[in-house]
Structure formats: C-alpha cells, structure tokens
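Here is a short report on one protein model. It covers a sheet, a metal site and one lysine.

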Amino acid sequence: MHIHLTNEPTAEVLVLPIPQTDTLSDRLTELAGRFGLEASVLQQDFRAEAKEILSLYLTGGRKVFLLGLGKEPSAIDWLKAFRELFFRQQKRLGPMVAVDLKAAGPDALEAAVFGIHWGGYDLKLYQTDKPARSGFYEGQGELEILTGDERRAEAGEALARAAALADTHRQILDLMNAPSNYVMPQTLADWAVASGQKYGYSVTVFDKAEIERQGMKALLSVNKGSEHPPVFIIMEYKPADRPGAKTVGLVGKGITFDTGGISIKPSTNMHLMKSDMGGAAAVLGTMEVAARLRLPVHLIGIIPSTENMVDGKATRPGDVVGSYLGKTIEIIDTDAEGRVILADGLGYMVRNYRPDFLIDLATLTGSVVATLGYHAAGLFSSNELLKSRLVEAADRTGERLWPLPLWEVYREDIKSDVADVKNFSGKPVAGAISAAKFLEVFTENHPAWAHLDIAGTAFADTEFGTQKNASGFGIRLLTDFLRHLP
Ligand code: BES
Ligand code: ZN
Ligand code: ZN
C-alpha cells in the first residue's frame, strides 16, 4: 500500500470519519448537499457511534463510507474505528481509497493510519486455501490522505511514524500468534539479530553454554524440562548524536510455551500459552521501532527465553535453585516460572547496565486478569515520576495501565523457610502483587523500576479471529513513553 498526502483525491472511494457532536445534524445536512442526497435520510440512519459505518453508493460509481468515531474520540478510538472499517470492508473498498483526515490532529492521524495498516492483518498464517487478499493491501494499493496544507509537515511525520510502527507491529503479531512449534527461544533470538542488523543496533545472544557460564541458574531451572535450549538476548540501541541521552532498560518475559511444568496447567486453555512471550514481543518491537525512528534514548532490551515443559528432567515443586545475583529461590509452583526467568533478566540488567529507568513486561499472572480483565495491564512502581509518565503514555495510546501496590506487607507472601525467597505464596489471593514483590527482590532496589503485568492485554479478543490473538500491547505504549522522555 502506497500512501500520499493530497488535497485533490482521485480515488472513487472516500472514507469520512465523523465524531459524535452536538452539530452532527448540521454536518450531515452539509454532506447530504455535497453528495446530492436527502439530509433527513442521513440524519435518520447515522448517529456517529464509535465504529458505526454508513455506506453511500453515489452515481458515477463513487462510494462514501461515513465512519462514526463516538463522542470526543481519543487516539485509540480513531485507531479502532479505522482498523475495523478497513478489516471488515477491505473487499468493498477497492485498491484506491481516500481518507479525509483534515480534522485529525497529529496523534489522531497517526492512530488512524496505524489502524488502517493493522486492518490488513492476516491471522490465517497457516491456511493453505486462503481467499485472495484485497487489492488495497497488495502492492497496487493506494491510500490518499487529505490534510490541510498548513499541517503537511507534521502530518508527514505522523505518517512515517505510523508506517514504521505498523510494520514492526505486524511482525510482532506474527511472532505472538505463531504456535510454539514455529516460534522457539532461538526464533526470538534470530528475529532480534536480523532486526539489529537491519536497523543498526547491537544484539548479543547468550546460548545455553554461555548462560551456564554466566550463572543464570534461575533461567536454566525453568529450561530443564525442555528439548529446546534457552537463550538470553541482549539488545542495545545508542544514538551516536545524543551523548547525554537517558538510559532505559527493558526486560521481557520470553516463555515460548507455558505448560506449567510439573505443576501442570489444566488443558482447556493451555493452547493460549503460546503467547506467554508477550513481554518479550513488546521489548523486541519497541527496540526495533526506537531504532527505526532514531529516538533520542539509549535503550537496552533483555529477554530471557525458554519453554516451560513437563519432563523427567524438569524442575520439581520444592526444588531450590540459584540465580544470576546469587540469591536462592524455592520453587513452590513450577507454573510461576515467569518471575523466575525475569529474576535473571532483571539481575543481569541492574548489575551490568544500571539504567536510569528500568521497565519489565510480562504475561505474568492470571491474577491480574482476574483483577483488571482484558482492558488494562497492572502497573507496579514505587517511583511516582516513572509511574505518571507511563500512565500518561497509556492514556495517550489507549494501551491502558492501572496501578497496583507494592507495599512491604506483601513481602511476607514470598518469604521462604529454606531459601532467600519463594516463587509463590501458596495463597489464592493477591497473586499479581506477590509476583511483583518477587521481581522487586531482583532489582537491587533500583530507584526507577516499573513492572507491567500484561497477562490480560497481550492476547485478547479482536475482529481478526474467534480465539484470543495478539494485540502487540506495549509497543505503542513504550514508544510513546520514550518519545516523551524528559
Ligand atoms: N503465564 C502464566 C500467566 C498467565 C495466565 C498469562 C493467563 C496469560 C493468561 C504464568 O506463568 C502463570 O502460570 N502464573 C500462575 C502463577 C501461580 C501458579 C502462582 C497464575 O497466575 O496462575
Ligand atoms: Zn506459568
Ligand atoms: Zn507463564
């Protein structure tokens, strides 16, 4: 799909986004006049509810799609409306489409165009008799964006951002949606290496032997039941022209499949656990986007990655294992494996990089899903500045975050009788919080650490499929956070 900015669209198909305002009926009267239609008909049939679509077939073969945005639409409302329209109507749109974005500010414009890109996402990765893709998303697709002349420069930047984000995001969706016989720890490492080569940032991958030399015993303990070796991925992007740039460390949970291990999960929803590398996906995606957009930040990404399998060699409940920082962990439940591998990811980050800001992302607990459902990720941080910066980015992007506490009283839950810490409280309460308290132990009191529990948001219901599928949660959020860094 090619995109250009224009004031004189030539496409036969026009998409007109319309917010729900008090003056909607005047707006519809004006449009009716323009298209030679009866105003009362438009007013009756179109309320501009979010994602509402009214298709108008005009004489001469022209088509107009009125697209409702709802009341006071924010960037995410623009994104979702456009994603849905372009996904559902792609056959009817034809290969050439004009979109009137004259009323959209740069954030809304970026969101709308990102939504258009995303609408072309194809979840049918392995279907052999797929219907042909619509022309619009093939090479010959043309998208004409109408903007005012005075806003051309900023619109151009917003479009470039949307295109880079969308391209990286699509690859990350594929990694997330791909099953675990296609995406293994080494697959994530290969992706990182290729991305680093393409966009100019450095990538180091520790293989199993190096992980052993480094003493990453926590990561190794989770890997024990798996046929596939673990990897430890370190990515670093440092813009040469920004010597004083802030350092941000990102750590992502990269469990390519979570059976639960010996504390095995029930089978009903186990297939969804191919998505247990949502944190890793967010870190990979953010690294690549930051490098593509040359963001003025020194960014380090770390991904400990392994499967969590059931086997005669697997770690048992009750086993005590070591860690990169030397602290010992009593494994009460082998299904609480994410925090165990993150112990080594965080430990390595704080010991070797001491970033100004440290953020980890993980599909960590069912508890956060019980707490916040699928619409917000849990945010844990004792640093008020970092917390508010993240919440601001969340509000701008619509990738919602909601704070949960890290009070010291919860430390009790992970005190072990025999080791420095245990990986599960044994209680069916406050699971997301005790998991966060566990991680805190491995941050060595980092003054600006935040933990994002994205178990509910990384894999969610979308129009793309009947089962939960990847959202790419975290990439837009973190990119926005990095762009607005002080
Ligand atoms: N990967 C799961 C968490 C999860 C649950 C992610 C649902 C996405 C959707 C994690 O490793 C896990 O199994 N957590 C356990 C921890 C418990 C055993 C302490 C959980 O939350 O039940
Ligand atoms: Zn688990
Ligand atoms: Zn897990």
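## Sheet, metal site and a lysine

Helix 6 (residues 152-177) lies across strand 1 and strand 6 (142-146). Helix 6 runs at about 165° to strand 1. Note that this is a predicted model.

**The sheet.** Six strands form an open sheet. Their order is 1-6-5-2-4-3, and the pairing is mixed. Strand 1 (2-6) and strand 3 (53-57) are the edge strands, and each pairs on one side only. On average, neighbouring strands of this sheet are turned by 20° against each other, direction ignored.

Strands of a sheet pair through backbone hydrogen bonds, either parallel or antiparallel. Strand 2 (residues 13-18) and strand 4 (residues 63-68) pair in the parallel sense. Six bridges join strand 2 and strand 4. Valine 15 has phenylalanine 65 as its bridge partner in strand 4.

Helix 1 (residues 24-35) also packs on the sheet. Helix 1 touches strand 2, strand 3 and strand 4. The direction of helix 1 makes about 165° with that of strand 2.

**The zinc site.** Which residues coordinate the zinc ion (ligand 2)? They are Asp258 (OD), Asp335 (O and OD) and Glu337 (OE), at 2.0 to 2.2 Å. In sequence, these donor residues are spaced D-x76-D-x1-E. Six donor atoms surround the zinc ion (ligand 2). They subtend angles of 71 to 167°, which makes the arrangement irregular.

Aspartate 258 has a further role as a bridge between the zinc ion (ligand 2) and the zinc ion (ligand 3). The two ions lie 3.2 Å apart.

**Lysine 437.** This residue lies in helix 14 (residues 431-441). Is lysine 437 buried or exposed? It counts as buried because its relative accessibility is 0%, and the cut-off for buried is under 20%. The side chain of lysine 437 makes a polar contact with the side chain of glutamate 440, at 2.7 Å. Leaving aside neighbours within four places in sequence, lysine 437 is in contact with Leu406, Trp407, Glu408, Tyr410, Arg411 and Ile414.

**Accessibility.** The table sets lysine 437 beside two of the zinc donor residues.

| Residue | Relative accessible area | Class |
|---|---|---|
| Lysine 437 | 0% | buried |
| Glutamate 337 | 1% | buried |
| Aspartate 335 | 22% | partly exposed |

Aspartate 335 is partly exposed because its value of 22% falls between the cut-offs of 20% and 50%. Glutamate 337, at 1%, is buried.

Note on methods. Residues are numbered from 1 along each chain as its sequence is written. Chains are lettered from A and ligands numbered from 1 in the order in which they are written. This is a predicted model: local features need pLDDT of at least 70, side-chain atom pairs count only at pLDDT 80 or more; totals for chains, interfaces and linings use all residues. Side-chain values use heavy atoms; hydrogens and water are left out. Helices (H or I, at least four residues) and strands (E, at least two) are DSSP runs, numbered from the N terminus. Buried means under 20% relative accessible area, exposed over 50%, partly exposed in between (1.4 Å probe, protein chains only). A polar contact is a pair of N or O atoms within 3.5 Å; within protein, one must be able to donate a hydrogen and the other to accept it, and residues adjacent in sequence count only if both atoms are side-chain atoms. Contact means heavy atoms within 4.5 Å. Donors are N, O and S atoms within 2.8 Å of the metal (3.2 Å for Na, K and Ca); water is not among the atoms, so sites may look incomplete. Four donors count as tetrahedral if all angles lie between 85 and 135 degrees; four count as square planar and six as octahedral if opposite donors are over 155 degrees apart and all others between 65 and 115; anything else is irregular. Two strands pair if DSSP finds at least two bridges between them. Axes are lines fitted to C-alpha atoms, for helices over the stretch in contact, and angles run from 0 to 180 degrees between N-to-C directions.
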